[in-house]
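Open the structure in your viewer and keep the selection tool ready. We will go stop by stop.

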Amino acid sequence: MKVKVVALPEIREYFNELIHILHEKEYFGFEENAIEYVESLFEDIKTTLPQRSKKQAPAYFSRYGKEMYYSSFKKNKATQWYVFFTIYIDQEQDEQIYLIRYVSNNHVIAQYL
């Protein structure tokens, strides 16, 4: 069975906004470094999400979808990213699809996990 990781359009938009937020709030002095950080995070998610351990998402996150799971991605000492997703099976294509529905970090949502 093939595995595919797909992000909702809102997620792609969030990552584009994140580049500007990280640069404007001076987490990165150069926009190029913010771009590199966000691209690295997104690539890590796309390539390793299916192999990572997952947990059932708490009820608080049901606003983003039903029967969701989440996995964590630690990018540095201070920040851990959480990726919330639903898993679908496409029998016709013999494919398992991980649909990313929400992404945030420990600074924003730690109290809900």
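Select Arg101. This residue sits in strand β5, residues 95-105. Strands here are DSSP E runs of at least two residues, and helices are H or I runs of at least four, numbered from the N terminus. The model is predicted: local features need pLDDT of at least 70, side-chain atom pairs count only at pLDDT 80 or more, and totals for chains, interfaces and linings use all residues. Residues are numbered from 1 along each chain as its sequence is written, and side-chain values use heavy atoms, leaving out hydrogens and water.

Stay on Arg101. Is Arg101 paired in a salt bridge, or without one? Arg101 is buried (under 20% relative accessible area, 1.4 Å probe, protein chains only) and has no salt bridge. That term needs a side-chain nitrogen of Lys or Arg within 4 Å of a carboxyl oxygen of Asp or Glu. Glu10, the nearest side chain of opposite charge, is 6.9 Å away. Lys and Arg count as positive, Asp and Glu as negative; His and the chain ends are not counted.

Add Tyr88. Its side chain touches that of Arg101 (heavy atoms within 4.5 Å).

Next, show strand β3, residues 69-74, with strand β4, residues 80-90. The two pair in the antiparallel sense over six bridges; pairing takes at least two DSSP bridges. They form a hairpin with five residues between them. Pick Tyr69: its partner in β4 is Phe85. Gln56 also stands opposite Tyr69.

Finish at Ile100. Its contacts include Val5, Leu49 and Val83.

Definitions and conventions: Buried < 20%, exposed > 50% of the residue type's maximum accessible area, 1.4 Å probe, protein only. Lists of a residue's contacts leave out its neighbours within four places in sequence.
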